[in-house]
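Please find below a short note on the structure, set out as numbered points. The ligand surroundings are taken up before the helix packing.

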Amino acid sequence: MDKGTGALKSRAATRKIIAALSTQYPDATTELHYRNAFQLLVATILSAQSTDAGVNQVTPALFARYPDARALSGADLGDLQQMIVSTGFFRQKSKALVGMAQALVDEHNGEVPANMEQLTELPGVGRKTANVVLGHALGVPGFPVDRHVLRVSGRLGISSGDDPVKVEAQLCTALPKAIWTQSSDTLILHGRRVCRPKPLCERCVARSLCEYYRVVTAAPSRQPRHVTRRVRTPRR
Ligand code: SF4
């Protein structure tokens with residue numbers, strides 16, 4: 001992953017950077033379509049190694065057929081696989097979805113728990129997925145860290161390292177709880193649209209505050225090759 005070279009920025013600087021980026025994405029939120037916590041949990045599990053747009057194409061029919069955990073817990077795996085095949089890794093995802101739904105029925109009366117520990121005990125649910133659901137559908141602030149958040153926050157110098165759990169802790173420490181979820185959404189959108197693996201810095205409102213940009217402009221001869229190092233993909 002491309003990184004800035006400076007030390008981790010202060011909390012004040014981190015807040016300033018997020019505030020600047022928020023002007024570029026004032027309505028940042030998840031791009032997954034959902035109506036309740038169960039639907040968002042399903043959509044987020046499906047989004048692993050897929051695009052949100054791709055997931056949004058399959059979920060209307062999926063939610064119509066399996067409107068809640070009880071319905072999904074009894075799904076035929078073959079039928080389910082056919083419905084989600086276009087999202088990739090459909091065999092693993094089908095098992096995860098049915099296992100997750102069965103656990104919701106068996107242990108939570110069919111409801112999605114508003115609790116990180118209980119969410120991450122569900123099959124197919126990692127810390128990132130749990131934070132997405134908690135922050136967007138259950139009113140519990142969370143800071144999902146995906147590959148975009150890792151890349152963008154690292155370049156900006158507001159996080160260090162490639163460990164999603166440590167980066168989540170760094171960003172949560174620096175930012176008020178009330179804006180955790182939207183800050184994550186902002187960094188994700190910025191990573192998708194502007195701060196891509198090959199960044200479009202001329203379109204970035206935060207470039208005067210960016211560690212990576214400072215290094216590039218200060219030492220053009222040392223310009224990074226825009227090669228993205230492999231990073232650990234956080235469990236979703
Ligand atoms: S200036 Fe460039 S590298 Fe820095 S955050 Fe913006 S797009 Fe990313």
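**Note on the ligand shell and helix H11**

1. Around the ligand there are 13 residues, the closest being Cys-195, Cys-201, Cys-204, Arg-207 and Cys-210. A residue is near a molecule if its C-beta atom, placed from the backbone, lies within 6 Å of it. The model is a predicted one: local features need pLDDT of at least 70, side-chain atom pairs count only at pLDDT 80 or more, and totals for chains, interfaces and linings use all residues. Residues are numbered from 1 along each chain as its sequence is written.

2. By class, this shell holds eleven nonpolar, no polar and two charged residues. H9 gives the largest share of the shell, three residues, and H9 and helix H12 (211-218) each supply at least two. Helices are DSSP runs (H or I, at least four residues), numbered from the N terminus.

3. Helix H11 (residues 180-193) has 14 residues and reaches 20 Å from first to last C-alpha. Because twelve of these 14 residues are buried, H11 is largely enclosed by the rest of the structure. A residue is buried if 20 or more other C-beta atoms, placed from the backbone, lie within 10 Å of its own, exposed if 12 or fewer, and partly exposed in between.

4. Among the buried residues of H11 are Trp-180, Asp-185, Thr-186 and His-190.

5. Asp-27 lies in the loop between H1 and helix H2 (37-46). Asp-27 counts as exposed because it has 9 C-beta neighbours inside 10 Å. The C-alpha atoms of Asp-27 and Thr-186 are 8.6 Å apart, although 159 residues separate them along the chain.

Definitions and conventions: The expected span of a helix is 1.5 Å times one less than its number of residues. Ala, Val, Leu, Ile, Met, Phe, Trp, Tyr, Cys and Pro count as nonpolar, Asp, Glu, Lys and Arg as charged, and the others, Gly among them, as polar.
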